[in-house]
Each structure stands twice: as C-alpha cells, then as structure tokens.
Amino acid sequence: MNRVSKATKIDWWQPIIGLSEYDLTHEVLKSGFLNDGKVTEQLEKAVADLIGTKYAVAVTSGTAALYLALKAFDIGPGDEVIVPDTTFIATANAVVMTGATARLVDIEKDTLNIDPQKIQSAINKKTKAIIPVHVSGRLADMKAIMKIAQEHKLVVIEDAAEAFGSKKDNRSAGTYGQIGCFSFSPNKTITTGQGGMIVTDDPDLHGKLRQLKDQGRPYRGTGGDDLHPAIGYNFKLTNLQAAVGIGQMQDIEGRLKKLRSFYDTYKHELNGLSGIKLFPFNTAAGETPQWVDSFVHDRDALTKHFDANNIGYRRFWHPLHRQDPYRLPDSDFPIASHSSEHALWLPSSLLLTEDDIKGVCKEIKSVLS
Ligand SMILES: Cc1ncc(COP(=O)(O)O)c(C=O)c1O
C-alpha cells in the first residue's frame with residue numbers, strides 16, 4: 001500500500017505500448033503500404049465489433065470525427081449546434097470548423113454532463129444538432145436527450161472521445177445517436193498517437209463519411225483516374241497508425257476492466273471522507289471511467305500535497321464560456337463555473353497497480369481527513 005519511494009512518480013496517465021505494436025508496425029513498414037489501407041480496415045472492423053455498430057470509419061483525430069459527422073448532415077453557416085459548457089474545447093471547435101455556431105448549455109452538478117432540462121431552452125429555429133459529451137466516460141442522459149432530439153427533429157452526434165468501450169444498459173457509448181465519435185489521442189484507453197473513429201448503423205451516413213474522409217471517393221482510389229462524386233477532404237488514418245491501434249485493441253477488455261477496478265478501489269478507500277466526492281460510475285453495468293474524476297472542496301490543498309509527493313493529477317478544463325472564443329457570463333453557467341474550480345482527475349494510468357491507487361488514497365486521506 002505504501003510506495004517504495006516518493007521519488008517514484010505516480011502518473012495521472014501514461015499510454016501503454018506493447019510488443020505487438022512494434023511487431024504490427026514493423027509488418028506495415030515491410031509491406032511498403034503505409035497509407036490508409038487494409039490494416040485501417042481491420043481496425044475499423046475491430047472497433048465496430050467492440051462497440052456493436054454496423055460501420056466504423058477511421059479518421060485522423062476525434063476532432064476530425066466530430067467535424068465529418070457534422071458535415072455528413074450538411075451542418076454549416078447559419079446553423080446552431082448544442083454542446084455542453086464543460087468539455088474539451090474540441091467539441092465546440094469542430095462545430096465552428098463547419099461554419100455553424102456552438103450553442104453552450106450548462107451541465108448537471110452530479111454527472112458533469114450536459115443538462116437535458118437546459119437543452120430545451122437552448123433550442124431555436126436554427127438548431128440542427130446536439131452533441132452530448134460523455135465526460136470522463138460517464139454516459140450522458142441519452143434517454144432524455146434522444147427524446148428531446150426526436151421531438152425537435154434534431155440530429156444527435158455523441159462525443160464519446162472519452163468513452164471508448166463504456167456502456168450503460170448494455171449499450172455502448174456512441175450507439176445512441178445517429179453517429180458516435182471516438183478519439184485515440186495518447187491519453188485515451190487506446191491510442192494511435194493521434195486518431196479517431198466514427199461509428200454508425202446507417203449505410204447512407206457510412207457512405208457519406210467514407211467520401212468525406214477521402215476526397216469524395218466512395219472506395220480507396222488510385223490517386224489517378226478516380227471518380228469523385230462528392231466533395232471530400234483528407235482525414236485518412238494510415239496503416240501505420242492502425243497497426244498501433246490493433247496492438248492496443250488486443251487486450252481492450254483487460255484495459256477497461258482495470259479502469260473500472262481503479263474506480264471501485266478509489267470509491268472503497270475514500271468512502272465516508274468528507275472533502276472529496278467521486279463522480280459516479282456504474283462499473284457493475286460496464287460504465288468505464290477513462291479517468292477517475294472527483295469534486296474536491298479544497299482542490300489547491302490536495303494538488304499542493306500531490307505535487308510535494310510526486311503524484312500526478314489533472315485539473316478540469318475551464319468551462320468553454322470562460323475561453324476567449326466562446327466568452328459568455330458566468331451567471332449563464334452556474335454549475336459549470338462552480339464545478340470547474342473543484343473538479344480534479346485522479347491518477348488513472350493503466351500502468352499503475354491497485355496498491356498505487358491505495359497509496360494515492362492514503363495521501364488524499366492525510367490531507368482531507
Ligand atoms: C470530450 C472530447 N472531445 C473531443 C476530443 C478531441 O479528440 P482529439 O484530441 O483526438 O482530436 C477530446 C480529446 O482529446 C475530448 O476529450
């Protein structure tokens with residue numbers, strides 16, 4: 001339960017790279033075909049199988065996934081898209097990339113996810129879509145959100161960047177809306193360095209997304225006399241990156257199980273401690289924290305102690321309305337404003353052991369008891 005030495009860093013997060021990734025990328029290098037190709041298709045299939053969708057389209061990042069998802073619905077100038085005020089800024093930036101306006105909505109105090117009640121009052125004639133974000137892997141209230149979307153004929157694109165493999169009611173994040181988007185950046189459950197994946201069950205959307213990511217081509221082309229029936233761009237994920245992703249997927253269930261177990265350990269160890277509250281995860285039902293998040297009354301005291309003890313952490317994002325491009329008054333977003341000053345991600349690196357987590361809890365108790 002005690003660390004060997006406080007000089008040993010307890011990381012907030014570290015990607016794990018296994019030997020398979022070396023072997024698989026070596027194979028791609030030997031093949032000479034580094035571009036988006038068969039290995040990319042293998043990764044798409046592995047992700048679709050895990051998430052339980054008919055289709056998956058690999059792209060260069062989670063941001064690109066969101067951008068192409070919006071483009072697949074022709075969302076652009078003059079349109080509004082509802083996004084939560086508490087999220088990584090990419091969610092809103094993807095909306096702005098299309099020329100549409102990101103309409104910020106406050107969050108729920110107990111989940112840090114978008115508040116469905118407040119979505120209602122943000123809807124107007126220009127609203128085209130809602131992008132719920134599953135913050136830290138905790139699923140947003142998709143039942144309520146889908147109901148609102150159906151009533152107002154809005155598209156739902158799930159930002160599941162932090163919820164790869166997380167489930168609720170036996171259904172994966174990313175499968176509730178018309179489209180789900182994942183990120184494979186280095187602080188995610190699996191990484192391809194940078195990368196993203198779009199999932200859908202709709203064959204037409206799949207076709208559009210395929211074209212959008214590859215210069216309007218429905219199938220992998222030659223680069224020569226191909227037909228380009230639609231406008232598209234270059235958001236291809238290469239075989240080289242996909243090889244890393246396939247290596248990472250080999251023990252995906254083990255990774256997800258470990259993250260759930262870390263949460264259960266934190267919960268057990270910190271039970272009854274005032275001064276810190278973990279945000280909830282229904283781990284028994286497969287809901288999986290990408291990172292364990294907490295509300296800490298005196299966050300500065302805890303982070304100071306973590307710094308002194310070589311323990312990593314990450315403070316929550318500033319709410320979007322406090323960032324210059326999206327600036328709005330705090331009074332419009334009371335919950336996001338307050339939460340952002342207290343929310344903290346605790347060490348959740350897959351390289352940690354259960355004893356490491358217990359050691360972190362011991363340090364938390366020493367400050368907050
Ligand atoms: C909630 C959320 N949305 C979008 C993204 C963007 O993903 P990427 O960094 O792969 O572009 C991230 C992560 O980085 C994220 O956490």
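Which residue in S9 stands opposite Phe182?

**Figure 1. Pairing of strands S8 and S9 in the predicted model.** The residue of S9 that stands opposite Phe182 is Met197. Strand S8 comprises residues 179-183 and strand S9 residues 196-200. The two strands run antiparallel and are joined by four bridges.

**Figure 2. The open sheet of seven strands.** The strands follow the order S1-S9-S8-S5-S4-S2-S3, and their pairing is mixed. Strand S1 (55-59) and strand S3 occupy the edges; each has a single partner strand, so one side of each is left without a neighbour in the sheet. From one strand to the next, the twist averages 25°.

**Figure 3. Helices H3 and H7 on the sheet.** Helix H3 lies across S1, S2, S5, S8 and S9. Relative to S8, H3 runs at about 160°. Helix H7, formed by residues 203-213, also packs on the sheet, where H7 touches S1, S8 and S9. The direction of H7 makes about 15° with that of S1.

**Figure 4. Buried residues of helix H4 and their surroundings.** Helix H4 spans residues 90-97, and its buried residues are Ala90, Thr91, Ala92, Ala94 and Val95. These buried residues pack against one helix, H3 (62-72). They also pack against strands S2 (80-84), S3 (101-105) and S5 (155-159). Among these partners, S3 is an edge strand of the sheet, and H3 lies across both S2 and S5.

**Figure 5. The backbone just after helix H4.** Gly99 follows H4 and takes a positive phi of about 95°.

Terms used. Residues numbered from 1 in each chain as written. Predicted model: local features only at pLDDT ≥ 70, side-chain atom pairs only at ≥ 80, totals over all residues. Heavy atoms only, no water. Buried < 20%, exposed > 50% of the residue type's maximum accessible area, 1.4 Å probe, protein only. Contact = heavy atoms within 4.5 Å. Pairing = 2+ DSSP bridges. Axes fitted to C-alpha atoms, helices over the stretch in contact; angles between N-to-C directions.
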